[in-house]
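This report covers one protein chain for a reader at the modelling bench. It takes up confidence, aromatic contacts, sheets and cysteines.

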Amino acid sequence: MTTATDTASFAARARDLIAADDLTELAGHLYAHARHCRDDVGVRDALRPLPGPDVARLVHAMVLIAIKRRRHDWTACELINQVARRLPTELTPEQLKDLTRYAVRGWRALTPGTLEIVARGVAATGPLPADLLKVLTDRSGESQRLRQALTELVGPQLDPRDPWAEQVGTEVATLGPAWQRLVAHASTAVAARPTVGWSTEASRLLAEVDPAEVTQVLDRWLAAASRTPQSPPAPANADVLRGLLWLVERSAPTPEQVRRVGGLVETMLRRLPGIGPACPKVANAAVGVLGRVDGEAALAQLARLSARVTYKGTRNEIDKALDARATAMGIGRDEIEELAVPDYGLTEVGRHRTALGGCRAELLIGSTGTTLAWFTESGRQVKSPPAAVRRDHATELAELKGLAKEITGMLAAQAARLDRLFLAQRVWTLTAWRQRYLDHPLVGTLARRLLWLVDGVPCGWVDGELRTLDDTRVSAADDAEVRIWHPIGRPVPEVVGWREWLERHQVVQPFKQAHREVYLLTPAEETTGTYSNRFAGHILRQHQYHALAAVRGWSDRLRLMVDDTYPPTSRELPGWGLRAEYWVEGAGDDYESDCTESGSYLRLVTDQVRFYPIDAAQNWTHASGGGYSTGAWTNGRPADALPLDQVPPLVFSEVMRDVDLFVGVASVGNDPTWADGGPQGWFRDYWTSYSFGELSATAETRRDLLTRLLPRLAVGQRAHVDGRFLVVQGDLRTYRIHLGSGNILMSPNDEYLCIVPARGATNPGERHFLPFEGDGMLAVILSKAMLLAKDSEITDPTITHQIRT
């Protein structure tokens, strides 16, 4: 045990040796008693007056002792680093040589700050030794200053494991000193946004390179970085990529480069197994660039990303950028999202024409997506661009294909935005609505397939006009009010009539509107009062549920099998002053079968749906369950759930529709391979009850639609709807396909038939007209029906074995 007297003697001895200028003996004293001297205030006070050169001599002497010792002493190492905090930048060649020897022993012996001093000192007299360079590179991830110093001394140290970084490293070596300086400067992009000084230096360096070359090179590197990553970029690579984005910002980016910046946001947010988003900080930097770049192209990318990005941190950056634009323009957020949609050079709604090498290319947007059609000089349509076009106009052809891809992505984003209009309570004048929706070259391809209320009159677009349910032409003043039509509260004959109208005119809606499910309060919910158990007791695949919730605008945290608390899945509805909650908990307690390698639950069990004022205190529960509450987990005041009959019917219906969607998509009951009940058969009862039980509202809509469509389909000759099932008469057996889960029972005795749909498979044989997009289960059911109607022709042994046994 060390006494106070002993401690005092350590400090006294240090003061005596300093007075005698015997720093070699002092080094031995400190090293021998490092365990006590490291934390001794008296020793630190004795060393504090040492001037810089004496600190260098003392550190050098201690390092020499450490080098001679075979066994590394971590306590002595910590003491050396304490003394080295005041190490001067002027070191003798001998000191630099021995500090380098010590640094490369593999002990992580020097701090990044001391390594920086050594590196700069060694580099001043010649190239850095390979072993020191390796240590610096390995340790650069620990310190931005060390990383920046390394870049200044030897150029950017890109990790070649990232393919784009390898490309940049290879090219920059041949592009010349100006590009080497640019990339070196890019690697110093260590802050969240560029400083004035960084931007000024970037502009100076960019001026040394031909602008056309800057555009070509940066565009090439952005394209390389936008390829799907297999792992997160190394810290140094991420800084370089962020710096390259800032260089793009300073170099008057082209619309194509702006699109690439927007694409990089999504690339860097792609989820990697066991990791999560690849690199949010680069995604956020790209959003920052889009927010600072003027022009329609950047605004369009922000609008597109607003409808597609679900990662909370980046989503917040997008919201801030759009809000800032809206404020600068003096308009609302909803308006800027409407005005931000580009027309992509479309000459009319859904059509773009261009001439290439004597041929005409037409980009067409329809209910089936974006297509390119080619016509010869004589006007004859051909399947693909002629050889002369591919040979002589390769660049223009690539741009046209890129435009088609960009439009496809924007269409999906705009469809999602329009789907949110039901709860947005937006009202337009007829003039503004025509400009932003009906006659907009891009959005018009969606808006013309939806139903609207013009001064309260329901109407749809057909034969080049707005028409009512009986096809009467709609006439209205320019200042007439326009709203989106929703089936809730509309008379049943009107809703049924519009469904028939869509089928009669072969209109395919971009999402369910006329066929949209309506959720009204049930007697059970009137009894419970403040909560709904309609979607309780389901077993959902957590990761699929989590992704879908984000797409639909809900906040959800992945639950880990740990001792932690979690809020419910929730959706805020600012326009209504409400917050909806769906209570879910982790399912299971077996690390082998109930969670991933990273510890997240594979499945969740569902409970109540509740509504609260938007500013009410948040509820919480333990990861493994035990019930939600406010006071048990926070100091907040417990909040009372709102009575369901006080929730606006439209809000209640849309929220319950989302929850129904979560269950319908993520339930393990949809998995045809789970007939055995999953791990150890724990979920057999649930799987059976869900797979063949009562239909949800979504499945009921599916049943009603199939009842009307079957007589028009070839498969309808062998199929009919019977309660919860689509019954198909094959050559060998009769099959009952459940209209909710898509699972199959076959005669005799209702034997289970397992058919796993191929991912991305399309319906064979006939093409089906469906009055809306987005019901993947309906497509699966029709595909199975068509297959089983000709069961004698099935060759897949995994199916024939079940049918013929």
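## Confidence

Among the elements of the chain, helix α10 (residues 144-154) has the lowest mean pLDDT, 75, and strand β8 (residues 451-454) has the highest, 98. Here pLDDT is the predictor's confidence in each residue, on a scale from 0 to 100. Helices (H or I, at least four residues) and strands (E, at least two) are DSSP runs, numbered from the N terminus. Over residues 1-5 the pLDDT is below 50, and this stretch has four contacts in the model beyond near neighbours in sequence. A contact means heavy atoms within 4.5 Å. Residues 761-766 also stay under 50, with 10 contacts beyond four places in sequence. Where pLDDT is low, the predicted coordinates should not be read in detail. For the chain, the mean pLDDT is 88, and 96% of residues reach 70 or more.

This is a predicted model: local features need pLDDT of at least 70, side-chain atom pairs count only at pLDDT 80 or more, and totals for chains, interfaces and linings use all residues. Residues are numbered from 1 along each chain as its sequence is written, and side-chain values use heavy atoms, with hydrogens and water left out.

## Aromatic contacts

A search of the whole structure gives 19 aromatic pairs. Rings of Phe, Tyr and Trp (its six-membered ring) pair if their centres lie within 6.5 Å; planes under 30 degrees apart count as stacked, over 60 as edge-to-face and the rest as tilted. Phe611 and Phe652 make a tilted pair, at 6.1 Å centre to centre and 35 degrees between the planes. Phe611 lies in strand β16 (residues 603-613) and Phe652 in helix α29 (residues 649-666), so the pair ties together parts that are 41 residues apart in sequence. Both Phe611 and Phe652 are buried. Buried means under 20% relative accessible area, exposed over 50%, and partly exposed in between (1.4 Å probe, protein chains only).

Elsewhere, ring pairs link Trp428, Trp433, Tyr437 and Trp452 into a cluster. Two arginines sit over rings, as tabulated below. The rule asks for NZ of Lys or CZ of Arg within 6 Å of the ring centre and within 35 degrees of the ring normal.

| Charged residue | Ring | Distance to ring centre |
|---|---|---|
| Arg360 | Phe375 | 4.3 Å |
| Arg448 | Trp461 | 4.2 Å |

## Sheets

Which strands pair with β16? Strand β12 (residues 539-541) does so over three bridges, in the antiparallel sense. Strand β15 (residues 578-586) is also antiparallel to β16, over eight bridges. Two strands pair if DSSP finds at least two bridges between them. In β16, Val605 stands opposite Ile539, and Leu604 stands opposite Gly586. Eight of the 11 residues of β16 are buried.

A four-stranded open sheet has the order β3-β4-β5-β6, with antiparallel pairing. β3 (351-356) and β6 (381-382) stand at the edges, each with a single partner strand, so one side of each is left without a neighbour in the sheet. Six bridges join β3 to strand β4 (residues 359-366). Arg351 has Leu364 in β4 as its bridge partner.

## Cysteines and an exposed threonine

How many disulfides are there? The count is zero, where a disulfide is a pair of cysteine sulfur atoms within 2.5 Å. Cys359 is buried, at 10% relative accessible area. Cys459 is buried too, at 1%.

Thr527 belongs to helix α27 (residues 523-528). Thr527 is exposed, with 68% relative accessible area. Its C-alpha atom is 75 Å from that of Val43, and the two residues are 484 apart along the chain.
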